[in-house]
Amino acid sequence: MLKGKNALVTGSTSGIGLGIAKALAAKGANIILNGFGDVDGPRAEVAALGVQVDYHGADMSKPAEIEAMMKFAAERFGRIDILVNNAGIQHVARIENFPVERWDAIIAINLSSAFHATRLALPAMKAANWGRIINVASVHGLVASAEKSAYVTAKHGVVGLTKVTALENATTGVTCNAICPGWVLTPLVQKQVDAKAAALGLSNADAIKVLLGEKEPSQQFTTPEELGELAVFFCSAAANNVRGVAWNMDGGWIAQ
Ligand code: NAD
């Protein structure tokens with residue numbers, strides 16, 4: 001279905017980004033990976049799906065590095081057809097205690113990076129009259145939780161950016177949509193499980209029960225694989241006229 005298409009997934013050395021990269025690769029898309037930490041493992045996992053894969057280590061908080069990555073991707077594959085803005089970090093603290101440096105980093109990585117990658121990807125997508133921009137927002141793009149001011153602000157911004165991107169390209173073959181996961185057990189969330197276990201003196205399993213019980217009626221994590229399949233749907237012909245949605249996959253979190 002995506003044979004001959006080229007996808008760039010930011011923050012794809014781990015978690016949801018890697019899940020989406022693998023789901024797109026399983027449908028035939030070539031992949032540019034990005035992110036920190038181990039690169040060889042994710043690279044091998046994607047290559048095993050029989051597509052071309054490359055990597056750029058741009059720090060998504062730095063616009064000049066994002067520009068270099070987009071240039072590298074265009075040179076490597078000729079064009080980027082699918083852009084998944086996924087890189088993100090979290091920090092949990094009340095506003096009066098929120099480190100200013102963490103606020104700036106979260107806004108840069110979780111929000112501004114999507115603007116920069118989108119503005120740089122759009123010209124080639126419009127010239128080809130086909131493109132898919134998928135922004136990994138969060139339930140926190142739709143509702144708030146205490147102690148996540150920067151994250152909730154950035155994710156609401158991502159949902160807004162998604163709608164504007166969709167509207168500005170609504171008469172073209174370029175669509176933009178957002179995915180809004182609830183809890184997904186990735187390193188980003190394991191840190192929050194660890195903090196809860198330490199604060200309440202709980203085992204890992206009991207801390208997970210408390211975490212899910214607070215927000216997620218299904219009491220289940222969404223998986224990177226499930227989110228990958230939603231990204232595949234957004235790339236399909238059936239989604240040609242799906243524009244500007246913020247689609248939650250959250251075990252009922254925001255239905256409450
Ligand atoms: P993760 O920590 O497993 O992965 C984050 C990825 O982003 C990694 O590849 C990391 O190297 C990369 N990254 C971090 N800072 C970067 C930077 N400055 N430049 C380039 N890459 C950088 O986390 P995840 O849970 O898979 O999160 C992925 C996205 O999904 C984030 O935008 C997050 O906000 C969102 N999300 C996660 C959950 C969840 O429950 N895990 C829920 C909703 C939304």
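In this predicted model, a polar side-chain atom of Thr 13 lies 2.7 Å from an oxygen atom of the ligand. A second oxygen contact comes from the backbone: an N or O atom of Gly 11 is placed 3.3 Å from an oxygen atom of the ligand. The ligand also offers a nitrogen atom, which is 2.8 Å from a polar backbone atom of Met 60. Taken alone, the ligand would expose 820 Å², and the protein buries 93% of that area.

The surroundings of the ligand can now be described as a whole. The shell holds 30 residues, and those that come nearest are Thr 13, Ser 14, Asn 86, Tyr 151 and Thr 186. Sorted by class, the shell has 16 nonpolar residues, 12 polar residues and 2 charged residues. The space that the ligand takes is the largest pocket.

Several helices take part in this shell. At least two residues each are supplied by α1, which spans 15-26, by α5, spanning 149-168, and by α6, spanning 187-200. The greatest contribution is that of α6, with 3 residues.

The position of the ligand can finally be related to the domains. Domain 1 covers 6-184 together with 223-255, and domain 2 covers 185-221. Because both domains give residues to the shell, the ligand lies between them.

Methods: Residues numbered from 1 in each chain as written. Predicted model: local features only at pLDDT ≥ 70, side-chain atom pairs only at ≥ 80, totals over all residues. Heavy atoms only, no water. Near = heavy atom within 4 Å. Polar contact = N/O pair within 3.5 Å; in protein donor to acceptor, adjacent residues only side chain to side chain. Areas by Shrake-Rupley, 256 points an atom, 1.4 Å probe, with all protein chains shown as cover. 1 Å grid on protein atoms, 1.4 Å probe; cavity = no way out; pocket = protein on both sides within 12 Å on 5 of 7 lines; lining within 4 Å. Sits in = over half its atoms within 2 Å of the grid points. Helix = DSSP H or I, 4+ residues; strand = E, 2+ residues; numbered from the N terminus. Nonpolar A, V, L, I, M, F, W, Y, C, P; charged D, E, K, R; others polar. Domains from an automatic or database assignment.
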